[in-house]
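This report introduces a structure to a reader who has not met it before. The sequence and the model come first, and the description follows.

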Amino acid sequence: MMTIQKKIWILVSVVLLIMGIIWLALTHYNQKTQEQSNDILQRYLRMNEVTTASQQIITNLNNYLLEPTANHKQQIEKSIVVIEAVQQDVTELRNVENAFSVTNYIHLIDSLIETANRSVMFSEKHEIEGSTNEFNEANRISMYISEMTLTILDRELKTSNRFYRGIIKQSEELKKLGIWLLLLITVVLLLATYWFSLSITRPIHQLTKAANALSQGRFNQQIEVKSNDEIAFLAQTFDEMRININDLIVEIQQKAQLEHELQQSKLLLKESQFRSLQNQINPHFLFNTLNTLSKKAYLDGAEETSDLIVSVAGLLRYNLKRIDRSVTLFEEVVVLNQYMEIQKARFTDRLQFKSDIDKSCLDVKIPGLTLQPIIENAVIHAIEPEQDGGTIWFRIKKDGPWVIIEIEDSGQGMSREKMEQLLKGHIVPIEGHSTGIGFQNVVKRLHLFYGIEDLVTIDSSEGRGTKVVIQIPSAREEGNDDEASYR
Amino acid sequence: MRKKFVFILVVLIMIFSYLTIASATKALRSTSDRPANLPFVSDTIRLVLITQELDTPFWNKVGQGALKQAQKENVQLEVWGSYGNNQDDFLKTMEVAIHSKVDGIIVQGLDNEEFKELTKVKAAFYGIPVITVANDVPVEESLRKTYVGSDQFEAGEMVARQLIKEMGTTGEVIILGDQEQAYYQKERLAGIEDVLSKYPDIEMIIRGTADAKEQVMATTQQLMNEVPRASAFIAINANYAGPMIQEIGRRTQVEPYYIYTFDDGVGSTALLEQGMLDGILAQKPEEMGSESVKRLMQWISGETVPLDSNGYLTETRMVKAEGEEP
């Protein structure tokens, strides 16, 4: 990972490196130019030294000839040493152009030394004329040396003219180069810094945008940051947080849904309980009274009435007990039969009840008071309004994993619209139900109990009777949830 | 905004890069057209060609020939000298050359005492060989190793013969030379006299003059007054031909006169081309230069010791004004 710190370090080091290289190069070239000009100056100085040294010899020689002392002789020797050293220096000044002149020059110096020596020698031998002649000659040679120095310098200037001008031009160009380089580096640095800062601020900007979106509740937008530094790491962590929050929200939503459903089922239950309670004011009193009535009827010899009253009492007890728990289909069928007994007593011949029951299906669990309200509906809508009465068919049969319960009547039937309204619960149950539980209540409880929708279907058309079909799964797992949800 | 900023920066970078590169190529170009140093004492042989008449056509040719030959022999040679017959400068140059201990001196002979002293005493003292070129100084007087150049006696003869051929065997001939004639002039004059003395009808008027333009003109004027019927002029010092012709031209037509001289004068060739001169004696200056270097090298390398002290003679021929050969 390229950290921001690393980036800054690299930028600064590169800049420093470039600056350093340029500084070194410029210094190097400057030094080279300076060395060249120093070299040139030195050449001229050396040549000038020759003239000075040769003149010094002449002066010393003259002094000696006038006053031949050891001191003066020493001085001559000293100046000879000096000029020899200078001669050595001059040797190094030879180049292709001036080799001839400089060689001549060196030999001239030799001649001067020799002549001076000869002059001293003659003087020591007291040959005045000889020594004077040699002195004159030495003087002449010294003059030639001066002239030659000028000649050589002149030639040097001529041949090196272009070179010198080159040096001057070069140093001027170097100055210009420095300025251009400075400007170039400045601009390049500006650009590099711009890009560099962008590489830091752009991810931050993206991150800010993402944080904004998140704060406004948009959790499903992926956070993308194209970089490879700490900010990318931050963005990644941020993205993970977003995903987690998103997951949590979905979970909470699901839970709320569940809660809502539970609430609804509880409300339904409450409603049915309320209804039943409303209808059962002091049910125990009613129940005891019914029992007393039954016995009285029996004692009075009205056995049929006694049985009827027992049925009513049983129905009433069932109603009291079973509303909030599941029962077996068998129990439901028993209650249904009791109810039909009562209705038969009411409608006598007008009511025909025919049942066809597959006994193997009777162990299936089913919410309490599911069938009774439907049968009651059939009685109310198909038997009561008909002068000639009607028939109610009740069938339980097995169909694969399903248990099919069919309740069919021979009434007037109903229109399609009414059927749908009924299923969707848009019809408010009319008063008159014995248990106070309507069709809609049954449908909802079945749905809540099995967790499967559309368990109840109605098959009807006007003037042809109505057939309500309930299908329930035969092998329902005996979980605790049904108990829990009904408690 | 951002794009504009980046765009401007990129454009600036391009401009500055170009300027930097242009400047760098100029600044960092090596300016080493300075002659290379020679730290070691190279023992190449140094020769000097010394003349009194630098920058004259004749001596330029001599110098060219010598330089060419020196290059061939791989020795160093420089042409030194004085301008316009300045004898003091010439002698000083000679002395410098001797004190510089050059390996050999090729010199235009000068027929005077100082010159002879230098060659005989100084040069011999330092053991420097001296060769005379174009103008000779007798070996007995100068101890020169040899002479390279024309046979001046023969050259005089050729001029005289040409004169007779054109003028005929009668007439008065004015011969103009130096007051103190150098050896080569004496030779030339001897050659001319040798031929012309055979013709009794030819009268020679020999006159020396001082070495200044005015003097030459004055002498010419005087001669023309003295010998009004002169029909021919010969300038044995070729440098006098110019002033002489100028003076003649001032008085009368130049055409009828037969005027001859030698090619070692400053304006000889130019005068011939203008038709002022009837003929000049052409020598071989380039050959003199190369030959002298060759001979000197032969002596230095010990190939030919001693050199022929009579000299090595180069060709001479007459050149006519029209360019036709005599």
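Domain bounds, on which the separations between domain centres depend, come from an automatic or database domain assignment. The model described here is predicted.

In chain B, the centres of domain 1 and domain 2, taken over C-alpha atoms, are separated by 28 Å. Where these two domains meet, domain 1 of chain B contributes 16 residues to the contact and domain 2 of chain B contributes 15 residues. In chain A, 128 Å lie between the C-alpha centres of domain 1 and domain 2. The table lists the bounds of each domain.

| Chain | Domain 1 | Domain 2 |
|---|---|---|
| Chain A | residues 4-206 | residues 323-486 |
| Chain B | residues 46-151 + 285-314 | residues 152-283 |

The rest of the report concerns chain B. Its secondary structure consists of 11 helices and 12 strands. Chain B has a radius of gyration of 28 Å, whereas the globule rule gives 20 Å for 326 residues, so the chain is more spread out than a compact globule. The C-alpha trace of chain B spans about 115 × 50 × 35 Å along its principal axes.

Buried residues make up 53% of the 326 in chain B. Taking contacts in chain B between residues at least 6 apart in sequence, 73% join residues at least 24 apart.

The exposed area of chain B is about 15200 Å², and carbon and sulfur atoms supply 51% of it. Chain B carries 32 positive and 47 negative side chains. The centres of these two sets are 13 Å apart.

Conventions
Residues numbered from 1 in each chain as written. Chains lettered and ligands numbered in written order. Predicted model: local features only at pLDDT ≥ 70, side-chain atom pairs only at ≥ 80, totals over all residues. Heavy atoms only, no water. Helix = DSSP H or I, 4+ residues; strand = E, 2+ residues; numbered from the N terminus. Rg over C-alpha atoms; globule rule 2.2 N^0.38 Å. Buried < 20%, exposed > 50% of the residue type's maximum accessible area, 1.4 Å probe, protein only. Contact = heavy atoms within 4.5 Å. Areas by Shrake-Rupley, 256 points an atom, 1.4 Å probe, with all protein chains shown as cover. Lys, Arg positive; Asp, Glu negative; His and termini not counted. Charge placed at Lys NZ, Arg CZ, Asp CG, Glu CD.
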